[in-house]
Amino acid sequence: MSLVLTSAVSASAFEQSMARCLSKHANMRDAATVMLECSADSGKLSDCKVLQDSAAGKGFDKAALCVAEALPMGSKTGQVKVPMRFPGS
C-alpha cells in the first residue's frame, strides 16, 4: 500500500497493521486499489465506506477498512477520501 507516514515508528506500526489486515481479509499476492471515504477527527478515521474497489469480491475492501482503523491522520478533520494501493507480490 502506498502512503506517506511521518515517522519510522508510525510507519513500522502501520506496516504491521497493513500486513495483519491483508492476511486476514485478502490474498497478499494479488494487487488492488481501493478508494475509501471517511470522517477524520482527532487523528483517526471513522465511518469509512468503500467508494471503489478494483478487485471486487477478493476482500480488499475489508482489508482497506481494517487498515483505515490504524491509519494516522494527523490534524485532518472532516470528510476525506483515502486511496489505498495494495501492490501484491
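The exercises below treat the confidence and the disulfides of a predicted model.

**Exercise 1.** Determine where confidence in the protein is lowest and where it is highest among the named elements.

*Solution.* Begin with the whole protein: the mean pLDDT is 85, and 89% of the residues score at least 70. Next, turn to the elements: helix H1 (residues 8-25) has the lowest mean, 78, whereas strand E2 (residues 44-53) has the highest, 96. Finally, consider residues 1-9, where pLDDT stays under 50. For this stretch the model has 16 contacts beyond four places in sequence.

**Exercise 2.** Identify the disulfides and state which parts of the chain each one links.

*Solution.* The criterion is a pair of cysteine sulfur atoms within 2.5 Å. Cys21 and Cys66 satisfy it, with their sulfur atoms 2.0 Å apart. This pair joins helix H1 to helix H2 (residues 60-68), across 45 residues. Cys38 and Cys48 also form a disulfide, with a sulfur separation of 2.1 Å. Here the link runs from strand E1 (residues 32-41) to strand E2, and the cysteines are ten residues apart. The count is therefore two disulfides, and their pattern is 1-4, 2-3 when bonded cysteines are counted along the chain.

**Exercise 3.** Assign the handedness of each disulfide and classify its cysteines as buried or partly exposed.

*Solution.* For Cys21 and Cys66, the S-S torsion is about -65 degrees, so this disulfide is left-handed. For Cys38 and Cys48, the torsion is about 115 degrees, so that disulfide is right-handed. Accessibility follows, with buried meaning under 20% relative accessible area. Cys21, at 0%, is buried, and Cys66, at 11%, is buried. Cys38 is buried at 0%, whereas Cys48, at 25%, is partly exposed.

Technical notes: Residues are numbered from 1 along each chain as its sequence is written. This is a predicted model: local features need pLDDT of at least 70, side-chain atom pairs count only at pLDDT 80 or more; totals for chains, interfaces and linings use all residues. Side-chain values use heavy atoms; hydrogens and water are left out. pLDDT is the predictor's confidence in each residue, from 0 to 100. Helices (H or I, at least four residues) and strands (E, at least two) are DSSP runs, numbered from the N terminus. Contact means heavy atoms within 4.5 Å. Buried means under 20% relative accessible area, exposed over 50%, partly exposed in between (1.4 Å probe, protein chains only).
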